Amino acid sequence: MATTKKPAAKAAAAPKPATKAAAAATPAAGPAEGAKAPAFSMPASGGRTASSEALKGKAYLLYFYPKADTPGCTKQACGVQEALPQLGRLGLEIIGVSPDPMKPIEKFADKYKLTFPLASDEDHKVAEAYGVWVEKSMYGKTYMGMERSSFLVGPDGVVRKVWRKVKPEAHAAEVMAAAKDLLG
């Protein structure tokens, strides 16, 4: 008499072991409001250097954007540029940061006449220190990239306001309101 084998019950899938890549994909939280802002020094547009050391005693906005000359980043940068006279009167310095190399950053700054420094964080060390180098997903693929985020830092070097997943069109107005509260 022939016997038929029943298919073996599937065992529950064991969790995949953590890898270095998976651990690297977990971003640091970055500084919270009320914490000391991480130090930084990066090359910036116009042959400048953007550094926390040069900003000691000054309030500044460090804003992180994913890629120069893309629609959202252009809206955000142009909005900040438009608000720059009012922000400057309040005493707020602005620095935009992307993982792009300097050549596309310079081209972006020239194309849109952006006068505030745009810094290059190619090795994303500053983004990691601020917790904005994160795992992203597009069309079902995951990759590491810059989260559009901003940090308003007071003259004492303490983070006063954090914006995560910034909406490019509204960002300049939000920064203006927060800067008035802090410096006005």
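Start with the largest nonpolar core of this predicted model, which has 27 residues. Select Tyr63, Leu92, Ile94, Phe116 and Leu118, the residues with the most contacts inside this core. Then colour the elements that give two or more residues to the core, namely β3, α2 (71-90), β4 (92-98), α3 (102-111) and α5. The largest share, six residues, comes from α2.

Keep Leu92 selected and display its surroundings. Leaving aside residues up to four places away in sequence, Leu92 touches Ala59, Tyr60, Leu61, Leu87, Leu152, Val175, Ala179 and Leu183. A second, separate core of 22 residues can be displayed in another colour; Met42, Ala50, Ala119 and Ala127 are among its members.

**The whole chain**

Now zoom out and switch to a cartoon view, in which the chain shows five helices and nine strands. Followed along the sequence, these elements give the pattern α-β-β-β-α-β-α-β-α-β-β-β-β-α. Of the 184 residues in the chain, 41% are buried. Among contacts with a separation of 6 or more, 65% join residues that are 24 or more positions apart. With a surface representation turned on, the chain exposes about 10700 Å², and carbon and sulfur atoms supply 58% of that area.

**Strand β8 and its partners**

Next select residues 149-153, which make up strand β8, and hide the surface again; five of the five residues in this strand are buried. Which residues point one way from β8, and which the other way? Ser149, Phe151 and Val153 point one way, whereas Ser150 and Leu152 point the other way, and all of them are buried. In a regular strand the side chains alternate between the two faces of the sheet.

Add strand β3, residues 59-64, which pairs with β8 in the antiparallel sense over five bridges. To follow one of these bridges, pick Tyr60, whose bridge partner in β8 is Val153. Tyr60 has already appeared on this tour, since it is one of the residues that Leu92 touches.

Then add strand β9, residues 159-163, which also pairs with β8 in the antiparallel sense, here over four bridges. Leu152 stands opposite Lys161 in β9, and Leu152, like Tyr60, is among the residues touched by Leu92. The strands β8 and β9 form a hairpin with five residues between them, and in the turn Gly157 has a positive phi of about 80 degrees.

Continue past β9 to Ala170, in the loop between β9 and α5 (171-183). Ala170 counts as partly exposed, at 30% relative accessibility. If you draw a distance between the C-alpha atoms of Ala170 and Val80, it reads 10.0 Å, although these two residues are 90 residues apart in sequence.

**A nonpolar patch on the surface**

Return to the surface representation and select Met138, Tyr139 and Tyr143, which form a nonpolar patch with about 400 Å² of accessible area together. Tyr143 has its place in strand β7, residues 141-146, and is partly exposed with a relative accessible area of 34%.

**Salt bridges**

For the last part of the tour, display the charged side chains; the count of salt bridges comes to six. Begin with Glu53 and Lys56, whose side chains meet at 3.3 Å, N to O. Glu53 counts as exposed at 54% relative accessibility, and Lys56 is exposed as well, with a relative accessible area of 60%.

Move on to Asp100 and Lys67, a salt bridge in which the closest N and O atoms are 3.9 Å apart. Asp100 lies in the loop between β4 and α3 while Lys67 lies in the loop between β3 and α2, so this pair ties together parts that are 33 residues apart in sequence. Is each partner buried or partly exposed? Asp100 is buried, with a relative accessible area of 6%, whereas Lys67 is partly exposed at 47%.

Finish with Lys111 and Asp69, whose side chains meet in a salt bridge at 3.0 Å, N to O. Because Lys111 lies in helix α3 and Asp69 in the loop between β3 and α2, the pair ties together parts that are 42 residues apart in sequence. Lys111 is partly exposed, with a relative accessible area of 49%, and Asp69 also counts as partly exposed, at 32%.

Technical notes
Residues numbered from 1 in each chain as written. Predicted model: local features only at pLDDT ≥ 70, side-chain atom pairs only at ≥ 80, totals over all residues. Heavy atoms only, no water. Buried < 20%, exposed > 50% of the residue type's maximum accessible area, 1.4 Å probe, protein only. Contact = heavy atoms within 4.5 Å. Areas by Shrake-Rupley, 256 points an atom, 1.4 Å probe, with all protein chains shown as cover. Pairing = 2+ DSSP bridges. Patch = residues over 30% accessible without salt bridge, like charges linked within 9 Å, V, L, I, M, F, W, Y side chains within 5 Å. Salt bridge = Lys/Arg side-chain N within 4 Å of Asp/Glu carboxyl O. Core = buried A, V, L, I, M, F, W, Y, C linked by side-chain atoms within 4.5 Å.
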